[in-house]
Amino acid sequence: MGRSKLDKFKDNELSRYVVQPGKKIFEQIKGNWRNLYFKNENDLVLELACGRGEYTIGLARAFPDRNFIGVDIKGPRIWRGMKTAEEEKLINTGFLRGHIQNLEACFDDNEVDEIWITFPDPRPKGRDERRRLTHPRFLDIYRNILKPGGQVRLKTDNHDLFEYSLEVLSSEGDVLDLVFTRDLYNSKYLAEHYGIQTNYEKRYLEEGTEIKYLKFRFNAHDGI
Ligand SMILES: C[S@@+](CC[C@H](N)C(=O)[O-])C[C@H]1O[C@@H](n2cnc3c(N)ncnc32)[C@H](O)[C@@H]1O
């Protein structure tokens, strides 16, 4: 029989791969992911809304010289990624359990090299616009924790969220090198997703939905 939700919460509490409130390292981690957690000076890449952490795991396997952190609020989901990281001893992997709106409590300015946002909840209702992960208030957070020139990438099945994201990005003054496709699998950007498919992506592909992809960088900001 599989592990229950409660078992998974307990496993997360005991696993060194999960950083979450209640653990000593959670209080100390801001600005210290490299020296306290990974114990190297390699790049730091985040997967936001990571769910089961497919990108975190897939990228960690492909790029052993970079560090990958999956972020999600749901413990039982990140449990899957944590288990795979444990089983494969992927020491360049970690999971942070928390709200993305609180990222700045756990990452210092300029600490992060790259951000992937993988199939975030589309939040279609107008009153939920502030909860979309490409809303300007989230972009402000990404801008602060990213190093100058750090890349942001978004993959989604959702037409409205994608168009909304393009609109928001076009009105931000410091967005550079924005490229996008509304059909990743028939585009020149296909190689950029490294063949990694998330749980949600597999479902949407089975339904015949086209996968949208964009990437951009922020121009250098103050304080560098
Ligand atoms: C549609 S699922 C996608 C999961 C995974 N990326 C995939 O493609 O299979 C969206 C995920 O975002 C997480 N999430 C949504 N809003 C969040 C927030 N503000 N902070 C942290 N996690 C959030 C949810 O818990 C959920 O696991």
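A residue counts as buried when 20 or more other C-beta atoms lie within 10 Å of its own, as exposed when there are 12 or fewer, and as partly exposed in between. With 15 other C-beta atoms within 10 Å, Leu190 is therefore partly exposed. Please keep in mind that this is a predicted model.

**A few residues in loops and at strand E7**

Leu190 sits in the loop between E7 and H8. Leaving aside residues up to four places away in sequence, Leu190 touches Leu184 and Tyr185. Its C-alpha atom is 9.2 Å from that of Tyr213, a residue 23 places apart from Leu190 in sequence.

Three other residues invite the same question of burial. Asp174 lies in the loop between helix H7 (159-170) and E7, and its C-alpha atom is separated by 8.1 Å from that of Ala220, although the two are 46 residues apart along the chain. Asp177 belongs to strand E7 itself and has a positive phi of about 55 degrees without being a glycine. Asn110, in the loop between E4 and E5, also has a positive phi, of about 65 degrees, and is not a glycine either.

The table puts the neighbour counts side by side.

| Residue | C-beta neighbours within 10 Å | Class |
|---|---|---|
| Asp174 | 12 C-beta atoms | exposed |
| Asp177 | 11 C-beta atoms | exposed |
| Asn110 | 16 C-beta atoms | partly exposed |
| Leu190 | 15 C-beta atoms | partly exposed |

For Asp174, the count is 12, so this residue falls in the exposed class, which takes 12 or fewer. Asn110 has 16 such neighbours and therefore counts as partly exposed.

**The chain as a whole**

Stepping back, the protein chain contains 8 helices and 8 strands. Its C-alpha atoms fill a box of roughly 45 × 45 × 35 Å along the principal axes. How does the radius of gyration compare with that of a compact globule? For 224 residues, such a globule would have a radius near 17 Å, and the protein chain has 17 Å, so the two agree. Of the 224 residues, 36% are buried. Contacts also reach across the sequence: among those between residues at least 6 apart, 75% join residues at least 24 apart.

**The sheet and strand E4**

The strands form an open sheet of 8 with mixed pairing, in the order E1-E4-E3-E2-E5-E6-E8-E7. At its edges are E1 and strand E7 (175-181), each of which pairs on one side only.

Strand E4 (residues 93-97) has neighbours on both sides in that order. Strand E1 (residues 18-19) runs parallel to E4 and is joined to it by 2 bridges. In this pairing, Val18 stands opposite Phe95 and Val19 stands opposite Leu96. Strand E3 (residues 67-72) is also parallel to E4, with 5 bridges between them. One of the pairs here is Ile69 with Gly94 as its bridge partner in E4. Between E3 and E4 the chain passes through helix H5 (residues 75-88), and this β-α-β crossover is right-handed.

Is strand E4 mostly covered or mostly open? Mostly covered, as 5 of its 5 residues are buried. In a regular strand the side chains alternate between the two faces of the sheet. In E4, Thr93, Phe95 and Arg97 are on one side and Gly94 and Leu96 on the other, and all of them are buried, which leaves both faces covered.

**Helix H4 and its packing**

Helix H4 (residues 54-62) has Glu54, Tyr55, Thr56, Ile57, Leu59 and Ala60 as its buried residues. What do these residues pack against? Their partners are strand E2 (44-48), E3, H5, E4, strand E5 (112-118) and H8. Strand E4 is thus on that list of partners, and E4 is the strand whose residues are buried on both faces.

**Around the ligand**

The shell around the ligand counts 18 residues, of which Ala49, Gly51, Phe119, Thr198 and Tyr200 come nearest. Which element gives the largest share of this shell? That is helix H8 (residues 199-206), with 3 residues. Helix H8 is also one of the elements against which the buried residues of H4 pack. By class, the shell is made up of 7 nonpolar, 6 polar and 5 charged residues.

How values were computed:
Residues numbered from 1 in each chain as written. Predicted model: local features only at pLDDT ≥ 70, side-chain atom pairs only at ≥ 80, totals over all residues. Near = placed C-beta within 6 Å. Helix = DSSP H or I, 4+ residues; strand = E, 2+ residues; numbered from the N terminus. Nonpolar A, V, L, I, M, F, W, Y, C, P; charged D, E, K, R; others polar. Pairing = 2+ DSSP bridges. Right-handed = clockwise from strand over helix to strand, strands pointing away. Rg over C-alpha atoms; globule rule 2.2 N^0.38 Å. Contact = placed C-beta atoms within 7 Å.
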